[in-house]
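Here is a short report on one protein model. It moves from a single residue to open and enclosed space, then to rings and backbone.

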Amino acid sequence: MKRRSALKAFGALGLLATTSCSGGARGSAAQVRRSESGRVNVVVTTPILADVARRVGGDHVSVTSLVPSGADPHSHEPSLRNIRDLAYADLAFTNGMLLEQQKLLRTVSANLPDAAGDPIPVAENIEKYGGVLRPMTEDLSLDTVWLGMRVEGSVGDQDGSVTLETTAITGPGRTAAFVTETFGRVTRVADSAAEGARRGGGTHGSRGSAKVFAEGEPTVGQLGAMELPQQAHTHLSWAFTEPGRYSMELRAVFRGETIATGVVHFAVGIDANRAALALGPDAQVLDGGHADITADVARRVIVLRADAENGPREYDPASTVVVVPAKALQELPGGSQYRFLGRPGDQMYLLAQAVLGKHVHGDIDPHFWHAVPNVKAAAQVMRDHMAKVFSEYASAFQANAHDYSERLDRLEQELRAAYGSLPESRRDLITAHDGYGYLAEHYGLKVEGFVAPVPGTEPGLQQRQRLARAIRDLHIPAVFVDKGTTGRGNVLQQVADDAGVRVAQLYSDTLDAEAPNYEDMMRHNARTITDHLRG
């Protein structure tokens, strides 16, 4: 038995009564109260959900949004008017996935009448109707390729090991590959600034006789190596001190014999598509997931082997660029084990070793509506729950949802055409907060940075520097703030002013008079992004 507050009286002081016991069963059509207009009352938490509910409910429902248009659902405080609206509700929908403040969600649960049942979290139900949810990244700088080394196949004595040696490293800055072991101990696998490279006349563009580092320290003449048993792999971290194009020449050695050679190319903090064109018109970019520099000893080749949904996918390293994005910029930590890379606080681009896991917040990104198919799924969630409660209108809800689905299909075609018109080098997004992941993922854009992962988080100096460097190195012509935002938007405005780029406004979590419905919001965002990124 759960306890739910019931509204006994609501006068000038908005008096609330004590709680009462209820099994929380959902009300039937016979129990539904009508508003003065003769329609049933549906309460939702956000203006975007309200628009979808009105499309599905049509003339038979009266829809109220607890969060007013133009307000931020992340921070909205429940009001006495919200409590009154909930007290007369026949059904309630929330966004869920921690979009709304917990205080608002508690208010919904406490004041919704027993006959209305529990509020329906829409985001948590869309996957049943074909919607797609994505994890929210805790640290965008770690949401990159996980690049390790692997030996596949067998040659000669299967108990023998294969050594992947680094024979040359070129690029505008220092390059190092290393393993972070138990208790933070670091073992270097490759280092363009190893002692032998420095004695050879420079720290970069270096060549050397590669051997395995002893106790994590290079010996004269070495750039580095990794010895692996056959059919084994290891995870690595990669560090680059400057933006630009890099290459690393490797060879696989078995019992003193070179059995394969290859070159791996990196695009660090720059436009990866432009770097790929330098390798040829058919070159590819590798910018996410778990991948390994793989010595296939049976075929005597070095390839890039990446995990994919339908099994491993193979890339030819000669025509592939491994992306080290601008968002991978990090400050070197204070531990002495990292002194070979520089001083504490020095900035460098980092691909973290995959063994640390995918660094996600642990929650699901709640901003599902930035991909149109998810809103189609949300409309179906509402259709079925409305039909269950208000069964006499079920056929009307079905027809309304069908018509709305067709409208959304046309909207989806418009958006795909708009975003598809952007050249590959003009698809980088820098925003005020991490609210556009669905938009980027679904429409082929790339989130290269944001001021803060969630609203209310104050960005540090390192984050500001990272954003400024991404704007500069990727030649980003514009950045985007949320309409009506303060704080985060002001920070991004300052970064943009310093970089001399434009600032434009997007709709993130709400609607207003200029975009009073979901379709208008999505069209506005598409026009704004394409107009400003095209330059």
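Where does R134 lie? In this predicted model, R134 sits in the loop between β6 (120-121) and β7 (135-137).

**R134 and its surroundings**

Is R134 buried or exposed? R134 is buried, because its relative accessible area is 11%, and the limit for buried is under 20%. The side chain of R134 has a polar partner. That partner is the side chain of D365, at 2.7 Å. Setting aside residues up to four places away in sequence, R134 touches I364, D365, G437, Y438 and E441. D365 therefore appears both as a polar partner and in the list of residues touched.

**The largest pocket**

One residue touched by R134, E441, returns in the largest pocket. This pocket holds about 1,200 Å³ of space. Its lining takes in 41 residues, and D143, D287, G288, K327 and E441 lie nearest the centre. Which elements give two or more residues to this lining? They are β7, α5 (272-277), β18 (284-286), β21 (313-315), α8 (437-443) and β27 (446-452). Sorted by class, the lining of the largest pocket has 17 nonpolar, eight polar and 16 charged residues.

**Enclosed space**

How many cavities of 30 Å³ or more does the count give? The count comes to three. The second largest cavity encloses about 40 Å³. Its lining consists of T46, I48, L49, N95, L99, F368, W369 and D509. By class, five of these lining residues are nonpolar, two are polar and one is charged.

**Aromatic pairs**

The structure contains nine aromatic pairs. One of them joins F240 and Y246 in an edge-to-face arrangement, with 5.0 Å from centre to centre and 65 degrees between the planes. F390 and F397 also form a pair: the centres are 6.4 Å apart and the planes stand at 65 degrees, so this pair is edge-to-face. The angle decides the label, because edge-to-face applies to planes over 60 degrees apart.

Are the rings of these two pairs on buried or exposed residues? Take the residues one at a time. F240 counts as buried, with 0% relative accessibility. Y246 is buried too, at a relative accessible area of 4%. F390 is buried at 1%. F397, at 0% relative accessibility, counts as buried.

F240 and Y246 also belong to a wider group. W238, F240, Y246 and F266 make up one aromatic cluster.

**A176, a residue in a strand**

A member of that cluster, W238, is also in contact with A176. A176 has its place in strand β10 (residues 175-180). A176 is buried, with a relative accessible area of 0%. Apart from neighbours within four places in sequence, A176 is in contact with A190, D191, S237, W238, A239, F340 and L341. How far apart are A176 and L350 in space? Their C-alpha atoms are 9.8 Å apart, while 174 residues separate them in sequence.

**Positive phi**

Most residues other than glycine have a negative phi. The table lists two residues that are not glycine and have a positive phi.

| Residue | Phi | Loop | Relative accessible area |
|---|---|---|---|
| M97 | about 60 degrees | between β5 (91-94) and α3 (102-111) | 18%, buried |
| H475 | about 55 degrees | between α9 (461-473) and β28 (478-482) | 49%, partly exposed |

Why is M97 buried? M97 has a relative accessible area of 18%, and buried means under 20%. H475 is partly exposed, because its relative accessible area is 49%, and exposed begins over 50%.

**The chain as a whole**

The protein chain has 11 helices and 29 strands. Of its 535 residues, 54% count as buried. What share of the contacts with a separation of 6 or more comes from residues 24 or more positions apart? The share is 71%. A176 and L350, 174 residues apart in sequence, are 9.8 Å apart in space from C-alpha to C-alpha.

Key
Residues numbered from 1 in each chain as written. Predicted model: local features only at pLDDT ≥ 70, side-chain atom pairs only at ≥ 80, totals over all residues. Heavy atoms only, no water. Helix = DSSP H or I, 4+ residues; strand = E, 2+ residues; numbered from the N terminus. Buried < 20%, exposed > 50% of the residue type's maximum accessible area, 1.4 Å probe, protein only. Polar contact = N/O pair within 3.5 Å; in protein donor to acceptor, adjacent residues only side chain to side chain. Contact = heavy atoms within 4.5 Å. 1 Å grid on protein atoms, 1.4 Å probe; cavity = no way out; pocket = protein on both sides within 12 Å on 5 of 7 lines; lining within 4 Å. Points joined across faces, edges and corners; volume = space filled by probe spheres on them. Nonpolar A, V, L, I, M, F, W, Y, C, P; charged D, E, K, R; others polar. Phe/Tyr/Trp six-rings, centres within 6.5 Å; stacked < 30°, edge-to-face > 60°.
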